[in-house]
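Please look through the sequence and the coordinates shown here before reading on. The paragraphs after them lead from the contact between two parts of the chain to the cysteines.

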Amino acid sequence: MNTVPCLDCLVIGGGPAGLTAAVYLARYRRTVQVVDAGESRLNKIPRTRNVLGFPDGIDGPSLLDRLRQHAARYGIEPWCARATALERDAQGFFVATVDGREVSARTVILCTGAQDVEPGIDGWREGLQRGQVRYCPVCDGFETQHQRVAVLGREGHGLREAIFVAGFDNEVTWLSMGSRREVGADELRRLADCGVRIANGVPREIRCLTEQGVTVTMEDGASLTFDVLYPALGLRHIADLATALGARAAADGQLEVDEHLQTAVPGLYAAGDVAHGLNQINVAAGHAAIAATAVHNSLMR
Ligand SMILES: Cc1cc2nc3c(=O)[nH]c(=O)nc-3n(C[C@H](O)[C@H](O)[C@H](O)COP(=O)(O)OP(=O)(O)OC[C@H]3O[C@@H](n4cnc5c(N)ncnc54)[C@H](O)[C@@H]3O)c2cc1C
């Protein structure tokens, strides 16, 4: 990697948010560089069916490849590297440390995404490919209709997801991981109204089996079988570079942004899963379009 002159914008993260932001900026004729550690959540998607323009769906790695090809049309070649620090110098420019080198930029769009908290599931990769393990009912609840579905997650996130999944006419069991006693009477009634069963013990082992589906062995030895399991254990939003500079974040790391996707730090924007909002590909692209346009306009002043 050569030392580069001060960029108009450094984009950190090369998933759908980062690549969309870079394409917009390149088309505004801004100097832009993408730095990407190569762990986009797109890599886990066996087939997405809610991205418009792909009526038969598309697998995540192929979509990522297309986004990269699109960016390459405008000369964008992401650096395969991780930004490990982000600071501001005496002139107010951002200085990122990337592979031990310093990269300066007038603005930064942080598109670092999030990581799923993984449950210990035997054979989960194969289960994910077969649609037995799913991470996002907003994305693919439609594909689960009329099935035996388990939602694994504590009171709060797990409970809300169980109710959401029940909306697809599924036979839902909430694996509450022992958190049932923390649930109020009103919510218990809501679960009952939606037909959600509660398994209160703590799962000892979860296995994906080709034919039978997903088997969950509880601590007391009881064995439960499902067609689909949604782990609802949350996401870790990768926001450290921004919060270290003073950006505000929720407890899970999702960054607070204004209507232009700017964080509390002037010139530092966030887009995609790392920014406040629904964690979706379409949203990531929409965020990125807004942030890139705001960056371009801010540099014209
Ligand atoms: C199994 C699964 C199925 C899904 N299905 C769908 C679906 O059907 N429809 C849908 O809309 N959404 C779906 N999603 C969600 C979707 O994948 C995300 O919303 C989307 O990828 C977010 O894009 P992003 O650019 O914000 O983050 P990502 O795509 O995660 O990209 C972030 C990038 O930033 C990089 N990065 C992080 N830190 C650094 C750093 N310090 N320096 C350099 N690079 C860094 C990462 O390595 C990564 O490459 C699914 C997710 C999963 C896990």
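**Domains and cysteines**

Across the interface of domain 1 and domain 2, the rule finds two salt bridges, in what is, it should be said at once, a predicted model. One of these pairs Glu143 with Arg49, whose closest N and O atoms are 3.8 Å apart, a separation that qualifies because the cut-off for a salt bridge is 4 Å. Between the two domains there is also one residue pair in polar contact, counted with both residues at pLDDT 80 or more. On the side of domain 1 that touches domain 2, the residues comprise two nonpolar, three polar and two charged.

To place this interface in the chain, note that domain 1 is made of two segments, 7-115 and 234-300, while domain 2 covers 118-231. Seven residues from domain 1 and nine residues from domain 2 take part in the contact. The C-alpha centres of the two domains lie 32 Å apart, and the area buried between domain 1 and domain 2 comes to about 680 Å², with carbon and sulfur atoms giving 55% of that area.

Turning to the cysteines, how many disulfides does the rule count? The count comes to one disulfide, and the residues joined are Cys136 and Cys139, with an S to S distance of 2.1 Å. The torsion about the S-S bond of Cys136 and Cys139 is about 75 degrees, so this disulfide is right-handed. As for accessibility, Cys136 counts as buried because its relative accessibility is 15%, which falls under the 20% cut-off, whereas Cys139, with a relative accessible area of 29%, is partly exposed.

Cys80, by contrast, is in no disulfide, and the nearest cysteine sulfur, which belongs to Cys111, is 16 Å away. With 73% relative accessibility, Cys80 counts as exposed, because the limit for that class is over 50%.

Why does Cys111 form no bond with the closest cysteine sulfur? That sulfur is in Cys9 and is 8.2 Å from the sulfur of Cys111, which is too far for a bond, because a disulfide requires cysteine sulfur atoms within 2.5 Å. Cys111 has 7% relative accessibility and therefore counts as buried, so that a buried Cys111 and an exposed Cys80 can be set beside the buried Cys136 and the partly exposed Cys139 when the reader inspects the cysteines in the model.

Conventions: Residues numbered from 1 in each chain as written. Predicted model: local features only at pLDDT ≥ 70, side-chain atom pairs only at ≥ 80, totals over all residues. Heavy atoms only, no water. Domains from an automatic or database assignment. Contact = heavy atoms within 4.5 Å. Buried area = accessible area lost by both parts, 1.4 Å probe. Salt bridge = Lys/Arg side-chain N within 4 Å of Asp/Glu carboxyl O. Polar contact = N/O pair within 3.5 Å; in protein donor to acceptor, adjacent residues only side chain to side chain. Nonpolar A, V, L, I, M, F, W, Y, C, P; charged D, E, K, R; others polar. Buried < 20%, exposed > 50% of the residue type's maximum accessible area, 1.4 Å probe, protein only.
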